[in-house]
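This briefing concerns packing and charge pairing in a single structure. The points that follow are grouped by topic for reference alongside the coordinates.

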Amino acid sequence: MEKKLVYTGKTKNVYELPSGNYELLFKDDCTGKDGVFDPGENSIGLTIDGVGDVNLRMSIYFFEKINAAGIRTHFVSADLSKTTMEVLPAKVFGHGLEVICRYKAVGSFIRRYGEYIAEGADLPAYVEMTFKNDAKGDPLVTRDGLVVLGVMTEKQYDDIKTMTQQITRIVADEMKARGLDLYDIKFEFGYDADGQVMLIDEIASGNMRVYKDGKYIDPMTLSGLFFA
């Protein structure tokens, strides 16, 4: 049995392998608008040579650190020569859920709550979840909402929150060691056949907001600084 294409994504293709695991092919396509890279956009705006490679490199680096810390992920192995990553099978929550951990009040957080907090104020590894739904603007959802809707159990929510804060600390420490400050980061989680939660997708510069000396670092520059 050959590997079978099961999903064509904006920045990655997904193949089913004969073993039952899956293979992610990282592409050089980036989300953006009018030829300008923007991780928050929902459509492909440009192609940047090598972006798939640096996204995979950063994902490998962090997945290996996270696995070594005893936190469950879908990462099995990777082949940089083919820009591919082998992963364990996992189901997504609902139709897809994004989990954000925030150390600073910036971005959509300050747009929502700016009358209560100053921009750039410290946050205590604040975790929030949003449904992946472009048409509805990725609506926020609470723990109770996720349980009532049958998207996840209370234990799964609590596990995701704990894991998110642990993983964010690992990423933030690695950034700090390079003179960089992590403000917030976005993750995706799934679960296995036994309902056990695991980190899935990727951990790339386009999924985090990082500053140096108070100035925002764009994702491609960040990747260069990280591996310098």
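Which side chain meets that of R178 in a salt bridge? The partner is E174, with an N to O distance of 3.1 Å; a salt bridge is a side-chain nitrogen of Lys or Arg within 4 Å of a carboxyl oxygen of Asp or Glu. The model is predicted, so local features need pLDDT of at least 70 and side-chain atom pairs count only at pLDDT 80 or more, whereas totals for chains, interfaces and linings use all residues. Residues are numbered from 1 along each chain as its sequence is written, and side-chain values use heavy atoms, with hydrogens and water left out.

**Salt bridges**

- A search of the whole structure yields 19 salt bridges.
- In the pair introduced above, R178 is partly exposed at a relative accessible area of 28%, while E174 is buried at 14%; buried means under 20% relative accessible area, exposed over 50%, and partly exposed in between (1.4 Å probe, protein chains only).
- Salt bridges with shared partners join R102, R112, E128, D184 and R209 into one network.
- Within that network, E128 and R112 form a salt bridge whose closest N and O atoms are 2.7 Å apart.
- E128 belongs to strand β11 (residues 122-131) and R112 to helix α2 (residues 108-113), so the pair ties together parts that are 16 residues apart in sequence; helices (H or I, at least four residues) and strands (E, at least two) are DSSP runs, numbered from the N terminus.
- E128 is buried, with a relative accessible area of 5%, whereas R112 is partly exposed at 31%.

**Helix α1**

- Helix α1 (residues 51-68) contains 18 residues and reaches 26 Å from its first C-alpha to its last, close to the 26 Å expected at 1.5 Å a residue; the expected span is 1.5 Å times one less than the number of residues.
- The buried residues of α1 include V51, G52, V54, L56, F62, F63 and I66.
- R57 and D53 form a salt bridge through their side chains, at 2.7 Å from N to O.
- These two residues, R57 and D53, are four residues apart in helix α1 and are therefore separated by about one helical turn.
- R57 is partly exposed at 37% relative accessibility, and D53 is likewise partly exposed at 23%.
- After α1 comes G70, which has a positive phi near 85°.

**Nonpolar cores**

- The largest nonpolar core has 46 residues, of which F189 and M208 touch the most other members; such a core is a set of buried Ala, Val, Leu, Ile, Met, Phe, Trp, Tyr and Cys residues joined through side-chain atoms within 4.5 Å.
- Helix α4 (residues 154-176) gives the most to this core, contributing eight residues.
- Not counting residues up to four places away in sequence, F189 is in contact (heavy atoms within 4.5 Å) with residues including V92, F93, I160, M163, I167 and L199.
- Another core, of five residues, lies apart from the largest one, and among its members are L46, I48, V51 and V54.

**Surroundings of K27**

- K27 is located in the loop between β3 (22-26) and β4 (29-33), and it is buried at 18% relative accessible area.
- The K27 side chain reaches the backbone oxygen of G9 at 2.8 Å.
- A polar contact of 3.0 Å joins the side chains of K27 and N13; a polar contact is a pair of N or O atoms within 3.5 Å, where within protein one must be able to donate a hydrogen and the other to accept it, and residues adjacent in sequence count only if both atoms are side-chain atoms.
- Leaving aside neighbours within four places in sequence, the residues in contact with K27 include T8, K10, V51 and G52.
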